[in-house]
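Work through the exercises below with the sequence and the model open side by side. Try each task before reading its solution.

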Amino acid sequence: MINRLLVANRGEIARRVFATCRAMGVQTVAVHSDADADAPFVAEADQAVRLPGATPAETYLRADLILDAALRSGADAVHPGYGFLAENAEFAAAVTDAGLTWVGPPAKVIAAMGDKLAAKALLAEAGVPMLPSWTDTDDVADFPVLVKASAGGGGRGMRIVRAADELAEAVASARREAAAAFGDGTVFIERYVERGRHVEVQIFGDTHGNVHVLGVRECSIQRRHQKIIEEAPGDLPPGLHDRLHETAMAAGRAVDYVGAGTVEFLLAPTGEFFFLEMNTRLQVEHPVTELVTPVGLDLVRMQLLVAEGAPLPAHHHYPATRGYAIEVRLCAEEPAQGWRPATGTLHRFDVPGVDREFGWIQRAGLRLDSGVVAGSVVGVHYDSLLAKVIAVAPTRAEAARALAGALARAELHGVATNRDLLVRVLRSPEFAAAEVDTGFLDRHPEVFTPLLPADQVPLTALAAALAGAAHRRATAPVLAGLPSGWRNVPAVPQVSRFVGPDGDEIEIRYRLDRTGRLADWSSSSAAEDSAERRAATDTAGSAGEPTVALVEATPDRVVLDVDGVRRAYRVHRVGSAVFVDGPDGAASLAELPRLPLPTAAVAAGSLLAPLPGAVTRVHVQVGQRVAAGDPLLTLEAMKLEHPVLAPIDGVVADLPVPAGGQVQTGAVLAVIEEEDAR
């Protein structure tokens with residue numbers, strides 16, 4: 001019987017396991033790095049043990065520290081979550097050797113499936129279909145191919161190669177990334193299937209020889225080989241579910257599987273499917289399986305019961321499903337900076353309409369599995385996943401619509417996210433028609449367009465300016481009763497300046513009459529001839545602006561009548577940052593001071609670090625000629641490699657950071673001078 005469980009992980013999965021433990025009466029222990037000391041999962045645990053340090057290598061990847069924490073806290077079992085040591089056979093063996101209960105498959109199964117090359121050979125003997133693969137680059141003759149890490153998953157160390165001359169560099173890069181993420185740089189090469197779909201089967205085994213199948217998931221919407229949208233039971237051709245179930249069960253039985261696991265397949269357009277890998281842990285996307293089971297399965301509860309030695313029910317799978325579930329992975333990413341991981345403080349984190357956190361929903365509704373709350377700090381050391389938002393409904397179309405609506409209305413302030421991308425995908429005609437595969441995002445660049453149209457940004461900035469004026473008026477000690485901006489000389493407008501979502505400066509000029517109504521307004525950007533626009537703004541709606549009337553303005557809400565249609569904007573101000581959520585989308589603005597202080601100049605041609613990280617490689621030398629697009633150096637942050645490329649043809653004038661150097665956001669990485677300038 002498990003009485004006190006230590007979760008050797010962090011964030012969302014730790015909170016998910018703790019939720020089940022509370023329902024079962026199991027005490028909980030968290031381990032945390034210094035960077036996670038104030039994280040929600042730490043506060044929710046019954047006990048918490050500090051792992052001194054911040055990086056994964058110093059903390060969550062230290063098996064010795066985690067075992068010591070388990071013994072000191074009196075834990076009698078360890079749950080690995082997913083990631084970090086979840087699929088580390090040596091850690092699993094060390095836990096059991098210490099007399100603790102391991103919540104997962106036996107170490108020998110983890111070892112067998114953790115080596116993907118060995119797993120392919122073993123399961124091929126059990127009749128599981130395989131793609132051709134190679135370990136020697138000289139043996140590869142047909143392209144395209146996929147370079148994959150033999151250890152770990154999550155898209156780390158994975159590269160698509162379409163030409164022979166690209167293979168060597170792809171293998172070297174994949175090895176570096178795999179070694180950094182998993183401590184093992186072994187990679188192999190596999191035939192790449194164009195327009196393939198990524199489908200997987202949830203299996204569950206016990207110590208009595210039973211292996212159950214809990215259904216299929218569709219995980220084809222991926223970016224950088226990482227899943228961002230998952231579905232269950234999946235829109236698959238008739239009969240395919242049964243074939244996948246049978247194959248997955250054969251794979252589980254071939255290795256005497258115990259606990260929660262996933263057998264992943266690649267589905268070709270021809271209807272053939274091939275084994276990809278077996279994940280010997282709970283998957284990130286497990287909630288969609290839970291939500292479509294008619295009996296409301298809790299996979300974490302099943303993990304704990306199996307670890308205690310309880311048998312699974314006599315039947316071998318759950319063929320019946322109720323409705324359809326879709327999950328999105330909401331991640332901290334900078335859309336305007338090539339989707340690099342984002343950092344910062346989440347000033348507000350509110351997803352409307354959530355029916356349940358970390359649990360089963362009896363009818364249609366919305367579930368939130370989050371690792372963060374308002375006030376959480378998103379750092380550079382860990383994965384960019386903030387939360388999983390899951391909708392369950394009677395049909396796929398209803399689930400997609402409900403999920404897209406909740407995401408669009410969510411208030412996500414302080415850290416850039418991939419929310420707009422997720423909403424665009426869920427609302428796309430191709431997704432609605434289930435025309436999905438792993439190349440979906442490559443073929444549909446339109447889904448990367450922000451939800452807020454560019455022509456609506458000025459209205460958003462106007463709402464921010466009016467809310468700011470209302471805030472100043474409400475806090476004024478003497479003149480709070482006067483209309484905002486009232487002057488004896490009505491020709492002089494109020495002026496507010498912001499940095500917009502795309503980095504351009506936006507200037508809003510407006511006048512209110514004696515009754516507080518909006519008399520006229522205009523907007524201009526740094527790229528426009530603002531003098532001409534200002535001269536033309538004598539009446540509301542001039543200079544091409546829509547006709548706008550002010551209905552209501554408070555510090556946190558502005559209602560505008562735009563060409564006869566009322567629009568409500570929610571405004572949240574944190575210092576100079578202004579977050580505006582409107583009917584067309586959200587915008588993050590930065591209000592500029594009226595009298596800006598001078599700042600240090602940055603040399604022309606400087607390339608700045610988009611986020612904190614480490615320079616792992618420098619590819620050029622000072623004085624070297626480069627062409628636009630040439631790699632200059634490689635920055636590693638949040639477990640991913642980010643190439644820094646030359647923006648123009650020129651000469652490398654400076655490389656201030658050597659290989660191995662740490663940098664903060666905004667640090668100069670390189671300076672490129674045009675040859676004419678030199």
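**Exercise 1.** Leaving aside its neighbours within four places in sequence, which residues is Thr 247 in contact with?

*Solution.* The model is a predicted one, and the first step is to place the residue, which belongs to helix α8, covering residues 240-254. The second step is to look for heavy atoms within 4.5 Å, the cut-off for a contact. Once neighbours within four places in sequence are set aside, the partners of Thr 247 are Val 128, Pro 129, Phe 265 and Phe 273. The third step concerns cover: the relative accessibility of Thr 247 is 13%, and since buried means under 20%, Thr 247 counts as buried.

**Exercise 2.** Decide whether Phe 84 and Asp 256 are buried, partly exposed or exposed, and find what their phi angles are.

*Solution.* Begin with Phe 84, which is found in the loop between β4 (77-79) and α4 (89-97). Its phi is near 50°, a positive value in a residue other than glycine. At 23% relative accessibility, Phe 84 counts as partly exposed, because that class lies between the 20% and 50% cut-offs. Turn next to Asp 256, in the loop that runs between α8 and β13 (259-267). Asp 256 is likewise not a glycine, and has a positive phi of about 55°. With a relative accessible area of 56%, Asp 256 is exposed.

**Exercise 3.** Work out what span the 14 residues of helix α1 should have, and compare it with the distance between the end C-alpha atoms; then state which residues of α1 are buried.

*Solution.* Helix α1 takes in residues 11-24, and at 1.5 Å a residue it should span 20 Å. Its end C-alpha atoms are 21 Å apart, which agrees with that expectation. For the second part, eleven of the 14 residues are buried, so the helix is mostly covered. The buried residues include Gly 11, Glu 12, Ile 13 and Ala 14 at the start of the list, then Arg 15, Arg 16, Val 17 and Phe 18, and also Ala 19, Thr 20 and Cys 21. Just after α1 comes Gly 25, which takes a positive phi of about 80°.

**Exercise 4.** Where do Pro 144 and Pro 233 lie, and are the peptide bonds that lead into them cis or trans?

*Solution.* Pro 144 sits in the loop between β6 (133-134) and β7 (145-149), and the bond from Phe 143 to Pro 144 is cis, with omega near 5°. Pro 233 has its place in the loop between β12 (226-232) and α8. The bond from Ala 232 to Pro 233 is cis too, with omega near 10°.

**Exercise 5.** How does the radius of gyration of the chain compare with what the globule rule gives for 678 residues?

*Solution.* Start from the secondary structure, which comes to 16 helices and 40 strands. The radius of gyration is 27 Å, close to the 26 Å that the globule rule gives for 678 residues, so the chain is as compact as a globular protein of that length. Taken along the principal axes, the C-alpha atoms fill a box of roughly 85 × 60 × 55 Å. As for cover, 52% of the 678 residues count as buried. Finally, among contacts between residues at least 6 apart in sequence, 62% join residues at least 24 apart.

Methods
Residues numbered from 1 in each chain as written. Predicted model: local features only at pLDDT ≥ 70, side-chain atom pairs only at ≥ 80, totals over all residues. Heavy atoms only, no water. Helix = DSSP H or I, 4+ residues; strand = E, 2+ residues; numbered from the N terminus. Rg over C-alpha atoms; globule rule 2.2 N^0.38 Å. Buried < 20%, exposed > 50% of the residue type's maximum accessible area, 1.4 Å probe, protein only. Expected span 1.5 Å × (residues − 1).
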